[in-house]
Amino acid sequence: GTLVVGYTAANADSVTGYNLVTGLGSVDANALAVAWGASRTASTVSISPSAAQINLGQSVTFTATVSTTTAIGNVSFFNNGSTTALGTVALTSTSNGVAAFSTTALPGGTNNVTATYNGDGLNKPSTTTTSATVTVITPDYTLGSSPTSTTVVAGHASTAITVTVTPVNGFNQTVTPSCTSLPTGATCAFTPATVTPDGTHAITTSMTISTAASMATGADAFTISATGSSVTHTTPFTVTVSTTDQIFTLTPGAATYSVTQGQSVSNATVTLAGTNGFNTPVTYTCTDPASESRCTATTTSTGANFVITTTAPSSAANQSGHSTRIFYAALLPGLLGIMFTVGSRKRSLRGLRLLGLIVALGFSTMWLASCGGSGGGGGGTKDPGTPKGAYTITVNATTGGTNPVTATTTFALQVN
């Protein structure tokens, strides 16, 4: 027969699985796993948020409770059906099945957060869970002005315009207002320069528009902007500029300034006086009709200062004309001599006569040249400089721009 050592499953009792002789039996792993799983406690998870509505970036805490208080292992939190967990919290023997998870990362809008228990040796993974709904709102604000348009006389400032920042969803960040696309010649300012709403109540700042006297007239639209917490809002505004009522006059410091030829006038002044609040910078020019005289302007706090420079007469003589005449006087007989000599081929007495004629012509031509250069003090010329006499200096001033404001005045220059 067959020698059997120990026992075989075939000898086991069909009901108990144990060998009836020894009381022992082999382990059926599959049967064990099925039996163990069936013996684990089923679990569910409930979840609740610390707040149903929060601002963007604000913290919210989700509390998940596993139905089995002795559960250990991990609880994971998911948002809006994502398979990527927002976070995972480990349960311990002292957690009593409660896992709390806090986050500031929820996006704006509606968030449905669920929790999943992963199970342990005694407790099954959760099969059901509730969801916690949290609405995340974005703090914001609105921007407006009162009035929405104004009229300004060129060169003046507008009346105060109220700019209002109204918080939405608890907005409480600092807002900085500004103006963009202003017409040329206009500026704006805000008082105060920044505002910080308290999250509930509207807050205001006062805007003033300043204009230049020379800017173009008519209606122009520009934008009031405000930036706070990386959020920018705008509101339109229209400014209408009418013709300026500002003028200015120029008054010379003296009616006449005297100067000696070759000297300068350095203290010629002109004073500017504005009316109706005129305060626009101007550019000065001066016209000097005197020959060999130059006028330059320098702006001062009260008007302008002018420096007038004249030229002194020069007695340097120019001798180049006299030397040139002598050169040509000497050259002429030589040329004539060459021509006559070349034209004659005879070696007779006629040649001697011709040579004597050339010599006589040379002396006579040099004498004529010297006589011709004796007049006018040796032939030199003089630079008269700035001629003596009275001249009218004209001063002009202008703001420039589309509609320039101008003024003119004169004073006399006496050159002695």
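Let us begin with one pair of residues: in strand β14, the bridge partner of T162 is S206. Strands, like helices, are DSSP runs numbered from the N terminus (a helix is H or I with at least four residues, a strand is E with at least two). T162 belongs to a pairing in which strand β11 (residues 161-168) and strand β14 (residues 203-211) run in the antiparallel sense over 5 bridges. Two strands are said to pair if DSSP finds at least two bridges between them. Strands of a sheet pair through backbone hydrogen bonds, either parallel or antiparallel.

Before going on, a word about what you are looking at. This is a predicted model, where local features need pLDDT of at least 70 and side-chain atom pairs count only at pLDDT 80 or more, while totals for chains, interfaces and linings use all residues. Residues are numbered from 1 along each chain as its sequence is written, and side-chain values use heavy atoms, with hydrogens and water left out.

Strand β14 has another partner to show you. Strand β13 (residues 186-191) pairs with β14 in the antiparallel sense over 6 bridges. Here C188 stands opposite I209 in β14.

C188 is also a good place to meet the disulfides. A disulfide is a pair of cysteine sulfur atoms within 2.5 Å, and a search of the whole structure finds 2 of them. One joins C179 to C188, with 2.1 Å from S to S. This link is right-handed, with 125° about the S-S bond. Are its two ends buried or exposed, or something in between? Buried means under 20% relative accessible area, exposed means over 50%, and partly exposed lies in between (1.4 Å probe, protein chains only). C179 is buried because its relative accessible area is 18%, whereas C188 counts as partly exposed at 23%.

The other disulfide joins C286 to C295, with 2.2 Å from S to S. Its link is left-handed, with -120° about the S-S bond. C286 is buried at a relative accessible area of 17%, and C295 counts as buried at 15%. If you number the bonded cysteines in sequence order, the pairing is 1-2, 3-4.

Now let us look at the sheets. In one of them, 4 strands form an open sheet in the order β10-β16-β15-β12, with mixed pairing. Its edge strands are β10 (149-153) and β12 (176-180), each of which pairs on one side only. Neighbouring strands here are turned by 30° against each other on average, direction ignored. For such angles, axes are lines fitted to C-alpha atoms, for helices over the stretch in contact, and angles run from 0 to 180 degrees between N-to-C directions. Within this sheet, 11 bridges join strand β15 (residues 218-228) to strand β16 (residues 231-242), and these two run antiparallel. You can find I224 with its bridge partner T235 in β16.

Another open sheet has 4 strands in the order β18-β24-β23-β20, again with mixed pairing. β18 and β20 each have a single partner strand, so one side of each is left without a neighbour in the sheet. Neighbouring strands of this sheet are turned by 25° against each other on average, direction ignored. Between β23 and β24 there is antiparallel pairing over 10 bridges, and T392 stands opposite A412 in β24.

On the edge strand β18 (residues 256-259) sits S258. S258 is exposed because its relative accessible area is 51%. Leaving aside neighbours within four places in sequence, S258 is in contact (heavy atoms within 4.5 Å) with V265, Q414 and N416.

Next, the inside. A nonpolar core is a set of buried Ala, Val, Leu, Ile, Met, Phe, Trp, Tyr and Cys residues joined through side-chain atoms within 4.5 Å. Of the 26 residues in the largest such core, F248, L250, Y284, F306, V395 and L413 touch the most other members. Strands that each supply at least two residues of this core include β18, β20, β23 and β24. Apart from it lies another core of 22 residues, among them A154, V165, I209 and V239. You have already met I209, which faces C188.

Finally, step back to see the whole protein, with its 3 helices and 24 strands. Buried residues make up 29% of its 416 residues.
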